[in-house]
Amino acid sequence: MTVDQLLAHLRDLSENGADFERLLETAVQELSRMDPRFHWTGIYELFSDNVLRLGPYVGSPTDHVFIGVGNGVCGTAVAEKRNLNIPDVREISNYLACSAETRSELVVLIRTGDRIHAQIDIDSHQVGAFTDEAVAMVQQVADWLAKAYEARGGAPLDG
Ligand code: SME
């Protein structure tokens, strides 16, 4: 599936009444298949208590089910309100290891302006896995999901 096909599929699901969780699961599952370097692909949702909570994911189970804003790569992306593309996690001091094999990590925020709903987090065993093309693809999915969060109400999820 290409990213355009995924967006069309998400639109179809949404128009046919799929629940929100199904949209998130589909996005994660299909994104994880789009690039062989995506070894762990998941969504963390931002709750009103300023804690990220793990949503659907594909890959090995992680201990990091809850991540406070400001912690690790995921929490830093929220605190700094920006995407993070880390070519080599061994160079990051506050990195939270999900797998000892992870070398690079990408966090793309799912946001409406300054309002952050969630994020797509992807880990790769390869150094520098996230090319401009890969980032652009993930961004398109994040932007589609941001509209879905907005349509759902847009308020931060209850803590
Ligand atoms: N590495 C992330 C934690 C999430 S796991 O990789 C799935 C971080 O440093 O925030």
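## Where the ligand sits

A molecule is taken to sit in a cavity if more than half of its atoms lie within 2 Å of the grid points of that cavity, and in this predicted model the ligand sits in the largest cavity. The elements that each contribute two or more residues to the shell around the ligand are strand 1 (40-46), helix 3 (72-79) and strand 6 (115-124). Helix 3 provides the largest share of that shell, namely three residues.

## Composition of the shell

The ligand is surrounded by Trp-40, Tyr-44, Ile-67, Gly-72, Val-73, Cys-74, Tyr-95, Leu-96, Cys-98, Glu-105, Asp-121 and Asp-123. By residue class, the shell divides into eight nonpolar residues, one polar residue and three charged residues.

## Polar contacts and cover

Two of the contacts to the ligand involve the backbone: an N or O atom of the Val-73 backbone lies 2.9 Å from a ligand oxygen atom, while a backbone N or O atom of Leu-96 lies 2.7 Å from a ligand nitrogen atom. A side chain takes part as well, since an N or O atom in the side chain of Asp-123 is 2.9 Å from an oxygen atom of the ligand. On its own the ligand has 310 Å² of accessible area, and the protein covers 100% of it.

## Aromatic pairs

With rings counted as paired if their centres lie within 6.5 Å, the model has four aromatic pairs. One of them, formed by Phe-20 and Tyr-149, is edge-to-face, with 4.6 Å from centre to centre and 75° between the planes. This pair links distant parts of the chain, with Phe-20 in helix 2 (residues 20-34) and Tyr-149 in helix 4 (residues 132-152), 129 residues apart.

Terms used
Residues numbered from 1 in each chain as written. Predicted model: local features only at pLDDT ≥ 70, side-chain atom pairs only at ≥ 80, totals over all residues. Heavy atoms only, no water. Near = heavy atom within 4 Å. Polar contact = N/O pair within 3.5 Å; in protein donor to acceptor, adjacent residues only side chain to side chain. Areas by Shrake-Rupley, 256 points an atom, 1.4 Å probe, with all protein chains shown as cover. 1 Å grid on protein atoms, 1.4 Å probe; cavity = no way out; pocket = protein on both sides within 12 Å on 5 of 7 lines; lining within 4 Å. Helix = DSSP H or I, 4+ residues; strand = E, 2+ residues; numbered from the N terminus. Nonpolar A, V, L, I, M, F, W, Y, C, P; charged D, E, K, R; others polar. Phe/Tyr/Trp six-rings, centres within 6.5 Å; stacked < 30°, edge-to-face > 60°.
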